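Q: Please take a close look at a single part of this model. A connected account of that part and its surroundings would do.

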Amino acid sequence: MTRHTPDDDVETGQTMKFHGTTILAVRRKGKIAVAGDGQVTLNNIIIKHKAKKVRRIYNDKIIVGFAGATADALNLSERLEKKLERYNGNLTRSAVELARDWRTDKYLRRLEAIMIAVDEKTMLVISGNGDVIEPDEDVMGIGSGGAGAQAAASALMRHTDMDAASIVKEAMKIAGSICVFTNDVITVEEL
């Protein structure tokens with residue numbers, strides 16, 4: 001007996017999920033830039049080209065970028081903002097509390113998203129597994145093209161004098177040229 005969820009396509013047996021995204025964060029010369037592509041796919045079809053997956057929260061002092069199901073990511077972004085208000089803008093404490101809730105709450109555990117959150121001092125990846133990860137270097141990428149974007153940004157940081165915004169733009173172009181779930185419509189936010 002084959003089981004289907006409401007999101008399954010019964011005729012093809014494929015699960016209908018939003019897939020892909022590339023989010024990249026770079027800190028350089030006292031500035032931080034976060035970039036995200038704009039492509040949204042449903043299985044093997046591009047359904048949107050200009051989605052905004054990077055946004056400012058908490059009085060424009062925090063930038064978040066998310067990969068995964070859009071509604072789930074927006075829910076998590078709103079929850080992070082509430083935690084930031086509760087903990088007076090302390091990003092690390094807020095991220096740890098969000099990750100704890102995400103891991104232990106029956107509803108939140110079902111959310112399918114991962115996010116990068118940054119402020120002037122801190123850069124974090126927050127996942128539903130309870131992870132709150134601060135990178136060793138001043139660059140990190142998530143999503144389907146995240147590894148390619150991070151590799152490109154790391155190389156640009158080592159071999160050029162480009163600023164953070166220029167690095168994320170160029171690295172995202174490179175990621176978009178090799179990842180089918182990443183396009184060249186890029187949103188960049190800077191602190």
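Which strands does helix α2 (residues 91-104) lie across, and at about what angle does helix α2 run to β9?

A: Helix α2 lies across β7, β8, β9 and β10, and runs at about 10° to β9. The model is predicted: local features need pLDDT of at least 70 and side-chain atom pairs count only at pLDDT 80 or more, whereas totals for chains, interfaces and linings use all residues. Residues are numbered from 1 along each chain as its sequence is written, and side-chain values use heavy atoms, with hydrogens and water left out. Helices (H or I, at least four residues) and strands (E, at least two) are DSSP runs, numbered from the N terminus. Axes are lines fitted to C-alpha atoms, for helices over the stretch in contact, and angles run from 0 to 180 degrees between N-to-C directions.

The strands beneath this description belong to an open sheet of 5 strands, ordered β6-β7-β8-β9-β10, with antiparallel pairing; two strands pair if DSSP finds at least two bridges between them. At the edges are β6 (54-57) and β10 (132-133), each of which pairs on one side only. Strand β8 (residues 113-118) is joined to strand β9 (residues 123-127) by 5 bridges, and the two run antiparallel. Ile-116 stands opposite Val-125 in β9.

Another helix also lies across strands of this sheet. Helix α1 (residues 70-86) lies across β6, β7 (62-68), β8 and β9, and runs at about 40° to β8.

Within helix α2, one residue can be followed in detail: Ala-95. Ala-95 has a relative accessible area of 0% and is therefore buried (buried means under 20% relative accessible area, exposed over 50%, partly exposed in between, with a 1.4 Å probe and protein chains only). Apart from neighbours within four places in sequence, Ala-95 is in contact (heavy atoms within 4.5 Å) with Leu-80, Leu-124, Ile-126 and Val-132. The C-alpha atoms of Ala-95 and Ser-127 are separated by 9.6 Å, although these residues are 32 residues apart along the chain.

The loop between β6 and β7 holds Tyr-58. Tyr-58 is not a glycine, yet has a positive phi of about 50°. Most residues other than glycine have a negative phi. With a relative accessible area of 15%, Tyr-58 is buried.
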